[in-house]
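Please read the following alongside the sequence and the coordinates. The text starts from one residue and works outward.

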Amino acid sequence: MLRRKLLIVALAATSCLISACTLGRADLATVQTEKLLSGIRTEMELDVCRIEEEQKAEEERLAAIKALEEEKKAEEAKKKAEEAKKAEEARKAEEEKKQKEAEEAKKAAEAEKKKISLEEEEKKKAEEKARAEAEALAAEEARKAEEQKKAETEAVAVPAGSAIDIANQTRRENGLTDLSPDATLNALATTRAAEAAQVFSHTRPDGRSCFSILDDNAVVYMTCGENIAAGQQTEQEVMNAWLNSPGHRANILNGAFHKVGLGYFDAGDAYGRYWVTIFTD
């Protein structure tokens, strides 16, 4: 804009100078001068237009550069904002991950603690159960031992005479010698009666043969036999029952037997008394 003003001023000054120089000449010279001035004026106007266009182009170029710079700054600011956002998101994600790991670790610790507690509780229950079973077993064994001791103590009070008298009377009628009552066999028969109350069989509660009681107590014998019964209340009743049973009668009338022991045990159950006779040679 400044250059344009300068050109206009220069153009006006030139016009005045030429006019001054040509004053007083002929009209022809004046016409030529005017033509010259017109050409100069036109050329200068063209120069002014060109300069204005160049200035406008420069201004547009500078504006474009500025716009690019602003756009670049905006992009950089946007990029920084995005990077900051991503960094914040990454930080939050890391915090959430750590928090989740901490919660999982806490849950795992609680689960392990609960597992240990349950294992300890189960172990305690198992120990208590084992202790209770051991105490119950010990009490049962003590009870059985007491019952056996009581049975052995009461063996001497067993009124064996009547039953054995009946047996011997029957043996004499069949041409056999009498059976001799034996105190040791009486005691062992009483023990076997207590065992028969537990297992009514010629097999003992521990699974051995009934005759193992003779071996356990060092009884010497070559042959032996055993009669058992339950439910009879007197010796006469049980001896009559045995004499009316072929297998039991065969033991009573066995000529190889010379010693006998009789015992009973009052179990207090539906059968009441359990009876046992043991025969040896």
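Leaving aside its neighbours within four places in sequence, which residues is Met239 in contact with? They are Ala163, Ile166, Ala167 and Ile252, where contact means heavy atoms within 4.5 Å. This is a predicted model, in which local features need pLDDT of at least 70 and side-chain atom pairs count only at pLDDT 80 or more, while totals for chains, interfaces and linings use all residues. Residues are numbered from 1 along each chain as its sequence is written, and side-chain values use heavy atoms, with hydrogens and water left out.

Met239 is one of the residues that touch the most other members of the largest nonpolar core, which has 16 residues; the others are Trp242, Ile252, Trp275 and Phe279. Such a core is a set of buried Ala, Val, Leu, Ile, Met, Phe, Trp, Tyr and Cys residues joined through side-chain atoms within 4.5 Å, buried being under 20% relative accessible area with a 1.4 Å probe, protein chains only. Helix 6 gives the most to this core, with four residues. Apart from it lies another core, of 13 residues, including Ile213 and Val219.

An open sheet of four strands has the order 1-3-4-2, with mixed pairing; strands pair if DSSP finds at least two bridges between them. Helices (H or I, at least four residues) and strands (E, at least two) are DSSP runs, numbered from the N terminus. The edge strands are strand 1 (180-181) and strand 2 (224-230). Strand 1 runs parallel to strand 3 (residues 259-266), joined by two bridges, and Ser180 has Lys259 as its bridge partner in strand 3.

Technical notes. Buried means under 20% relative accessible area, exposed over 50%, partly exposed in between (1.4 Å probe, protein chains only).
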